[in-house]
Amino acid sequence: MTKILIVEDEAGLVTLLKYNLEKQGYDTAVVMDGKDVMTTALVEKPDLILLDWMLPGVPGIDLCRDIRKTYELRSTPIIMLTARGEEADKVRGLSYGADDYMTKPFSVPELMARIAALLRRAMPQPVEENLSFADITMDFAKRRVLRGDKQIHLGPTEFRLLQFLMEKPGDVLSRENLLKSVWGGSIHVELRTVDVHIRRLRCALGEPDIIRTVRSAGYALDLNASEEGES
Ligand code: CA
């Protein structure tokens, strides 16, 4: 059964989320205090985490980082729940490892659609062969990425993004195209979200850079990307 960890300190919102998630057939676990998140997440092993950004105890941004740094949880999708007017926090949250965000008050059906989309994306893709480009190898059976001998840790969104780029090496892929392929066409995600995740992917892959930014066009895998002087 798919389990969702609800990290939220407002009791009313916890009740609403729990009710709706269970109605959809998900199993749920709840944490209301920031300092209990990591221990509960390690025990419950959720398939997805709904993370309130304004939490007593530990700020959402620190939790996001801790979740991504923890081996057992590094691939668990995170949806941040932010209050209105925390626009800058959304981008920071995405750059610290969240996969999506919703602004409160949010529509429950939209949240359910985003959860479903993110879970679909996090499932291992049925690809028979490994993909490789330069010194990078994607092993789908083990859901592992290697650069040379070094293992690269990617969150689910970066993994899908890299997969899509590696399926079309050299092709310039527009942000719209990447959004549609990686995030799915049914949900609304801002184009700059693509840039944030590309930045995270680049950072995780390290030097030399193999993702070329094509101004006003998109991104491409390119062996000479680091010589372009663009970013
Ligand atoms: Ca809160």
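The following paragraphs describe the calcium site, the cores, the voids and the backbone geometry of a predicted model.

The calcium ion is held by three protein donors: D9 (OD), D52 (OD) and M54 (O). These donors lie 2.2 to 2.3 Å from the ion. Along the chain they follow the spacing D-x42-D-x1-M. D9 sits in the loop between β1 (3-7) and α1 (11-23), and D52 belongs to strand β3 (residues 48-52), so the pair ties together parts that are 43 residues apart in sequence. The two aspartates fall into separate burial classes. D9 is partly exposed, with a relative accessible area of 30%. D52 is buried, at a relative accessible area of 2%.

The largest nonpolar core contains 28 residues. Within this core, M138, V145, L162, M166, L201, L205 and I211 touch the most other members. At least two core residues come from each of β6 (131-133), β7 (136-139), α6 (156-167), α7 (175-183), α8 (191-205) and β11 (218-221). Helix α6 gives the largest share, six residues. Apart from this core lies another, of 22 residues. Its members include L5, V7, L94 and V196.

V145 illustrates the contacts made by a member of the largest core. Beyond four places in sequence, V145 touches I136, T137, M138, K150, Q151, I152, L154, F159 and L162. V145 also appears in the lining of the second largest cavity, alongside R74, R143, R144, Q151, I152, L154 and F159. About 30 Å³ of space lies in that cavity. Strands β8 (144-147) and β9 (150-152) each supply at least two residues of its lining. The lining divides into four nonpolar residues, one polar and three charged. In total, the structure holds two cavities of 30 Å³ or more.

The largest pocket encloses about 430 Å³ of space. It is lined by 19 residues. P46, D47, E72, S75 and T76 are the closest to its centre. Helices α2 (37-44) and α5 (108-122) each supply at least two lining residues. By residue class, the pocket lining comprises eleven nonpolar, two polar and six charged residues.

Two residues of helix α6 were examined individually. P156 is found in this helix. P156 is buried, with a relative accessible area of 2%. Leaving aside neighbours within four places in sequence, P156 is in contact with R68, R74, S75, P77, D99, A122 and R143. The C-alpha atoms of P156 and M123 are 8.6 Å apart in space, although the two residues are 33 residues apart in sequence. T157 also lies in α6. T157 has 0% relative accessibility and counts as buried. With residues up to four places away in sequence left out, T157 touches D99, L118, R121, V182, W183 and H197. D99 is thus a contact of both P156 and T157.

Several backbone features stand out. Most residues other than glycine have a negative phi, and most peptide bonds are trans. K45 has a positive phi, near 45 degrees. K45 is placed in the loop between α2 and β3. It is exposed, with a relative accessible area of 59%. The C-alpha atoms of K45 and T76 are separated by 8.7 Å, and the two residues are 31 residues apart along the chain. T76 is also among the residues closest to the centre of the largest pocket. R143 has a positive phi too, near 50 degrees. R143 is found in the loop between β7 and β8. The second largest cavity has R143 in its lining, and P156 is in contact with R143.

Two cis peptide bonds complete the description. The bond from K104 to P105 is cis, with omega near -5 degrees. P105 lies in the loop between β5 (100-103) and α5. The bond from E207 to P208 is also cis, with omega near -10 degrees. P208 is found in the loop between α8 and β10 (211-214).

Conventions
Residues are numbered from 1 along each chain as its sequence is written. This is a predicted model: local features need pLDDT of at least 70, side-chain atom pairs count only at pLDDT 80 or more; totals for chains, interfaces and linings use all residues. Side-chain values use heavy atoms; hydrogens and water are left out. A nonpolar core is a set of buried Ala, Val, Leu, Ile, Met, Phe, Trp, Tyr and Cys residues joined through side-chain atoms within 4.5 Å. Buried means under 20% relative accessible area, exposed over 50%, partly exposed in between (1.4 Å probe, protein chains only). Helices (H or I, at least four residues) and strands (E, at least two) are DSSP runs, numbered from the N terminus. Contact means heavy atoms within 4.5 Å. Donors are N, O and S atoms within 2.8 Å of the metal (3.2 Å for Na, K and Ca); water is not among the atoms, so sites may look incomplete. On a 1 Å grid over the protein atoms alone, a cavity is a set of points where a 1.4 Å probe fits but cannot get out, and a pocket is an open set with protein on both sides within 12 Å along at least five of seven lines; lining residues have an atom within 4 Å of a point. Grid points are joined across faces, edges and corners, and a volume is the space filled by probe spheres set on the points. Ala, Val, Leu, Ile, Met, Phe, Trp, Tyr, Cys and Pro count as nonpolar, Asp, Glu, Lys and Arg as charged, and the others, Gly among them, as polar.
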